[in-house]
Structures are given as structure tokens and as C-alpha cells.
Amino acid sequence: MEFRPRAGRPRLLRVFLVLATGTALLAAVAAAAFMVSAGTGGTDTGGATAPGEVGRGPSNTATPLPPAAGRALGSGAARITALVNAERDKAGCPRLTVDPHVERAARAHADDMAARGYYDHVGPDGRDGGERMSSAGYNWSRWAENIHRGPDDPSTVVADWLRSPEHRESILDCRFEDMGVGVNLGAGGPWWVQDLGTRRGAR
């Protein structure tokens with residue numbers, strides 16, 4: 001199980017969490033966060049994946065999902081949204097609205113990671129979350145992206161994000177107004193993407 005946040009300022013943050021039970025090493029969790037404010041620019045962290053390895057997985061064409069799988073994806077995304085907004089309620093932050101453009105960017109990235117066998121905020125095409133959101137039609141002034149791979153339960157995904165200071169910072173940033181969640185249940189996953197944004201001129 002691994003997850004990566006990308007949150008907050010034009011600097012790099014990297015967190016490596018190792019979970020152990022007794023003497024048996026169960027899992028490694030890698031986190032990196034990046035958030036961009038308008039006019040600040042951004043820097044690629046690359047996470048734990050060597051630059052030469054990004055995007056070298058098999059290039060597959062997505063297979064249409066059966067109705068049950070489609071319902072599962074929608075249910076998982078809706079559950080992530082509900083859990084995140086519940087945490088924002090506790091923190092006194094406005095609830096996030098699901099924006100179709102942000103959601104489109106998140107879904108596209110989850111599908112792309114699963115299809116091409118990589119796990120990173122920056123795709124093989126060199127685009128990051130902000131560029132994907134712009135391409136989807138979302139004119140942002142701020143954005144952040146959290147990704148996770150492995151758990152099939154939305155509650156576990158959100159709990160993992162909230163345990164990481166960088167994930168938590170982006171989720172509970174009261175300046176964000178919109179959110180979109182993408183989920184892909186393909187081999188090596190599930191793959192989860194949470195994109196957060198504030199429209200330019202909104203504040």
C-alpha cells in the first residue's frame with residue numbers, strides 16, 4: 001500500500017512512513033505533497049519513482065467497465081467526498097463542491113496511471129495536476145492533488161491521507177472550494193486521485 005500527497009507551497013516535502021507489526025514489515029507508505037498558488041509556479045517531486053522508470057509500464061487500452069464496476073467507482077468517489085467534507089466540517093472549513101471539470105481531470109489521471117503502469121503526480125507526458133485540471137476546463141488560482149494506490153476501501157484511503165501532515169494540510173485548507181475524485185480498479189490498484197481547486201477570481 002502506498003500513497004502520495006502533493007500539497008502546498010513551492011517547496012518539496014517528502015514523508016516516508018513504515019508500518020510494522022512485530023518484526024514483520026507489512027507495508028511502506030510514501031508521501032509527497034505539492035500545492036500551487038497563482039503565479040508561484042511549481043516543482044516536480046518525482047516521489048519514490050526513479051525518473052527513468054516513470055511510464056515504463058505496459059501501455060494498455062482501457063476496457064469498458066460492466067455496470068456493477070461503474071457503480072462501484074461512483075460509490076467510492078462519493079464516499080471519499082462525504083468523508084473529506086465531514087473532516088472539513090470539524091475543522092470549520094466550507095464543504096467542497098464536486099466540480100465536473102476537476103472530477104474529469106482526477107478520473108483521467110487515475111485511468112492513465114492504471115493503463116500505463118506508473119504511479120506519480122507527473123504523467124509520462126510531463127503534465128502535473130494543475131495542467132490536467134486546466135486541460136479539463138478548470139481555470140484555477142490554487143490546486144492540490146493527493147494520490148493513493150492499494151486500499152479498496154474509501155475510509156482507509158481518507159484515513160491514510162489524514163495521517164500524513166501534507167495530505168491533511170491540503171484536505172483541510174479552507175481556501176479550497178472544489179474537488180474531484182477519480183478511481184480505477186485495475187490491476188495493481190485500486191488507483192485513487194483527489195484533485196482540489198479554487199477557481200481564479202473566486203476569492
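## Sorting the residues

Ala, Val, Leu, Ile, Met, Phe, Trp, Tyr, Cys and Pro count as nonpolar, Asp, Glu, Lys and Arg count as charged, and the others, Gly among them, count as polar. With that in hand, the lining of the second largest pocket divides into 4 nonpolar, 3 polar and 6 charged residues. Keep in mind that everything here comes from a predicted model.

## The second largest pocket

This pocket has a volume of about 150 Å³. Of the 13 residues that line it, A108, H109, D125, R127 and R132 are the closest to its centre.

Where does the largest share of the lining come from? Helix 2 takes that spot, supplying 6 residues. Helix 3 chips in too: helix 2 and helix 3 each give at least two residues to the lining.

## The chain as a whole

The chain has 5 helices and 8 strands. Going along the sequence, their pattern is β-β-β-β-α-β-α-α-β-α-α-β-β. There are 203 residues in the chain, and 47% of them count as buried.

## Strand 6 and its partner

Strand 6 covers residues 140-149 and is mostly covered, with 9 of its 10 residues buried. Strand 6 and strand 8 run antiparallel and are joined by 9 bridges. If you want one contact to look for on screen, take E145, whose bridge partner in strand 8 is D195. As a general point, side chains in a regular strand alternate between the two faces of the sheet.

## Aromatic pairs

How many aromatic pairs does the structure hold? There are 2. In one of them, the ring centres of Y119 and W191 sit 6.4 Å apart; their planes meet at 55°, so this pair is tilted. The pair ties together distant parts of the chain, 72 residues apart: Y119 is in the loop between helix 2 (100-116) and helix 3 (129-135), while W191 belongs to strand 8 (residues 191-199). Y119 is buried, at a relative accessible area of 4%. W191 also counts as buried, because its relative accessibility of 3% falls under the 20% cut-off.

W140 and W143 make an aromatic pair too, and this one is edge-to-face, with 6.3 Å centre to centre and 65° between the planes. Both W140 and W143 are buried.

## Arginines over rings

Y119 turns up again here: R149 lies over the face of its ring, at 4.7 Å from the ring centre. A second arginine, R142, lies over the face of F176, at 5.8 Å from the ring centre.

## A cis bond and a buried glutamate

Which peptide bond is cis, with omega near 0°? That would be the bond from G189 to P190. P190 lies in the loop between strand 7 (178-184) and strand 8.

Over in helix 5 (residues 165-171) you'll find E166. Is E166 buried or exposed? Its relative accessibility is 11%, and buried means under 20%, so E166 counts as buried. E166 and N146 are 20 residues apart in sequence, and their C-alpha atoms are 9.3 Å apart in space.

Conventions: Residues numbered from 1 in each chain as written. Predicted model: local features only at pLDDT ≥ 70, side-chain atom pairs only at ≥ 80, totals over all residues. Heavy atoms only, no water. Phe/Tyr/Trp six-rings, centres within 6.5 Å; stacked < 30°, edge-to-face > 60°. Helix = DSSP H or I, 4+ residues; strand = E, 2+ residues; numbered from the N terminus. Buried < 20%, exposed > 50% of the residue type's maximum accessible area, 1.4 Å probe, protein only. Lys NZ or Arg CZ within 6 Å of the ring centre and 35° of its normal. Pairing = 2+ DSSP bridges. 1 Å grid on protein atoms, 1.4 Å probe; cavity = no way out; pocket = protein on both sides within 12 Å on 5 of 7 lines; lining within 4 Å. Points joined across faces, edges and corners; volume = space filled by probe spheres on them.
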